[in-house]
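Subject: Structure for your review

Dear colleague,

Please find below the sequence and structure that I am handing over to you. My account of what was found follows directly after it.

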Amino acid sequence: MATAVSTPTDKHDEQHAEAVEAVLQAVLLDPALVVRDECNAREHDTGPDDKLVASVKELGVEEPISVRPRPDGTYGAFKGWRRAQAAQAANASAEQEGRPVRQIKAYVRADLVGRDGWTRFLSLVENEHREAMSERDSLRAQELALIDMNDVDRRTAARALRVGRDAARHAKSAQRLDDAALRRTAAAGMDLEQTAQLAEVNGVRLAENRLMRALRRDQEEGSGGRGHWDQEMALLRAEQAEQEVRDKAVEELKAADIPLLRDVPSYQKDPARPLAQLTTGLGNPLTEDNHRNCPGHSARLDEEHRPVWYCADPNAYGHKTRPQPKKPRTEEDEQRAEERRRVISCNRAWKAAAGPRQDFITRLVRMKTLPEAARVFAQEVVFTLPIFYSTWVDKREFETLARFLGVKEPQNADLTETAMQLPKARLVNALFAVVAAACEHSIREPKTWSNLTARQARYLLLLEALGDGDDGSYRLSEVEQQAVAPHSSDDGA
């Protein structure tokens, strides 16, 4: 049996290891005394990002840094210089923000004084071996960590991560994206909520590209708002909802064993005809009921995804075409068809735009101080009692107002009780909520975009100005911009 023999070299290595282990006892240092060591291997991107600073403000620096003592009484950080700078930044604003001034844990490596080569090597190893977590692992960890916390810890962790109260839910939703998409969202600078929203609508064609463009527009404006993103999300949700209606209609036809005819290109002859153009062999009208047993019984979906009944091949199944003059398709017909498509698209966009607009109004109403322009607008409407306002009062449709005021279950809200409990300081905000609800009622119809009045345009332009003043948190949608364009230079009405 072999016996281990300790050589002088082994003893020297053991003694050195014991000496280093004794040195590696973390002590507390004032971050102000820490500077960058001249042998720190990282020479680019050495500053802390906002995310690291936010974490250190809430939690301090968890992992010790490594420093060498310097002759002037400071300490050179060769590992953890970014963390040290984050601690310095956190302490600089601690008193103003009501946080404690914290020290930083550090390994003080006096044994490395004069050993510049080895110090630089250790710094290199630290940076070379550090590999960032994958985006998916990070999301999963956030989800499980936040779920497992009590409310106090969850609030602290959310501030440290710079995420909202729904972070756990957003992290779970975001994991529906594949790894490549998660890498792209991280590289583009999407926050957790935006990544989750992309996952929500990712089934819509070109959703990622469209949201990336909206994100870049917000970033290029540099105000920190997300007005363009919110408008694009509203459109994508509307398109997704429309696709879900279509998918449901297709499934219902499939369940009834009724074929859905494909669209035939214009250069091919389409043998199918709608039943409205056909009769039986005896000249009687064809309907869904009396055509149901025909082998050619089928359907296409109209623009609102309702079935239009067809016969796939009337000639083969003995039907006759109703006599009717056939008019050649003219350029005017094409223009009418194009205009109809545009109207349908604008109607859908107008309905979608109501979501971001009303979310912004809700934020305005909940502000501590209502913007002056909003106050003046609300007072003017209440004092002049325009027709749209009195019409809304007569209708007594107050659900939107209840939502603006933050009433739970707005569809069943008792606004008498809400009015009695309203603090004096919130009266102006509530007044604006009332006027905004009336304005929203006046523009609720999908075709409003095609004939916007001067007063309706003034309301939308007011919101656009307030959104600009709130760091770009709200932007008019394309269809709203189109609708207000003729009024943009008006002095108001």
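With a relative accessibility of 14%, Glu-208 counts as buried, since buried means under 20%. Please bear in mind throughout that this is a predicted model. Glu-208 belongs to helix α11. Leaving out residues up to four places away in sequence, Glu-208 touches Ala-181, Arg-184, Leu-198 and Asn-202.

Helix α9 and its surroundings

Ala-181 also appears among the buried residues of helix α9, which spans residues 179-188; the others are Leu-182 and Thr-185. These residues cover an arc of only 100 degrees around the axis, and they therefore lie on the same side of α9. Which helices do the buried residues of α9 pack against? They pack against α6 (135-147), α8 (167-174), α10 (192-201) and α11 (207-221).

Both ends of α9 deserve a remark. At its start, the backbone nitrogen of Ala-180 has a side-chain oxygen of Asp-178 within 3.2 Å. After α9 comes Gly-189, which has a positive phi, near 90 degrees.

In helix α10 we find Thr-195. Its relative accessibility is 6%, so Thr-195 counts as buried. Apart from neighbours within four places in sequence, Thr-195 is in contact with Leu-182 and Thr-185, and also with Ala-174, Leu-177 and Met-190. The side chain of Thr-195 also reaches the backbone oxygen of Asp-191, at 2.9 Å.

Helix α14 and its two partners

Two packed helices are described by the angle between their axes and the distance between the axes. Helix α14 (residues 331-366) packs with helix α19 (residues 427-442) at an angle of about 165 degrees, the axes being 9 Å apart. The angle makes α14 roughly antiparallel to α19, because angles over 145 degrees are counted that way. The crossing in which α14 passes α19 is right-handed. On the α14 side, the residues that meet α19 are Arg-357, Gln-358, Ile-361, Leu-364 and Val-365. Their counterparts in α19 are Asn-429, Phe-432, Ala-433, Ala-436 and Glu-440.

How do the axes of α14 and α20 cross, and within what distance do they come? They cross at roughly 55 degrees and come within 11 Å. The two helices, α14 and α20, are therefore oblique to each other. Here α14 passes α20 in a left-handed crossing. The α14 residues that meet α20 are Trp-350, Arg-357, Phe-360, Ile-361 and Leu-364. In α20, the residues met are Tyr-459, Leu-460, Leu-463, Leu-466 and Gly-467. Arg-357, Ile-361 and Leu-364 of α14 thus figure in the pairing with α19 as well as in that with α20.

Gln-456 in helix α20

Gln-456 is located in α20, which comprises residues 454-469. At 13% relative accessibility, Gln-456 counts as buried. Its side chain reaches the backbone oxygen of Ser-442 at 3.0 Å. Ser-442 is one of the residues that Gln-456 touches, together with Ile-443, Thr-448 and Asn-451, when residues up to four places away in sequence are not counted. Between Gln-456 and His-487, 31 residues apart along the chain, the C-alpha separation is 9.6 Å.

Gly-227 in helix α12

Gly-227 is placed in helix α12 (residues 227-255). The relative accessibility of Gly-227 is 2%, so this glycine counts as buried. Setting aside neighbours within four places in sequence, Gly-227 is in contact with Asp-218, Gly-472, Ser-473, Tyr-474 and Arg-475. Arg-217 is ten residues from Gly-227 in sequence, and their C-alpha atoms are 9.2 Å apart.

Positive phi outside glycine

Asp-257 and His-305 should also be brought to your attention. Asp-257 has a phi near 60 degrees, a positive value in a residue other than glycine. Asp-257 sits in the loop between α12 and β6 (273-274). Its relative accessibility of 68% makes Asp-257 exposed. For His-305, phi is near 65 degrees, again positive in a residue other than glycine. His-305 occupies the loop between β8 (297-301) and β9 (307-311). Is His-305 buried or exposed? At 15% relative accessibility, His-305 counts as buried.

Yours sincerely

Note on methods: Residues are numbered from 1 along each chain as its sequence is written. This is a predicted model: local features need pLDDT of at least 70, side-chain atom pairs count only at pLDDT 80 or more; totals for chains, interfaces and linings use all residues. Side-chain values use heavy atoms; hydrogens and water are left out. Buried means under 20% relative accessible area, exposed over 50%, partly exposed in between (1.4 Å probe, protein chains only). Helices (H or I, at least four residues) and strands (E, at least two) are DSSP runs, numbered from the N terminus. The arc is that of the directions from the helix axis to the C-beta atoms. Contact means heavy atoms within 4.5 Å. A polar contact is a pair of N or O atoms within 3.5 Å; within protein, one must be able to donate a hydrogen and the other to accept it, and residues adjacent in sequence count only if both atoms are side-chain atoms. Axes are lines fitted to C-alpha atoms, for helices over the stretch in contact, and angles run from 0 to 180 degrees between N-to-C directions. Angles under 35 degrees count as roughly parallel, over 145 as roughly antiparallel, 65 to 115 as roughly perpendicular and the rest as oblique. A crossing is left-handed if the near helix is turned anticlockwise from the far one by less than a right angle, and right-handed if clockwise.
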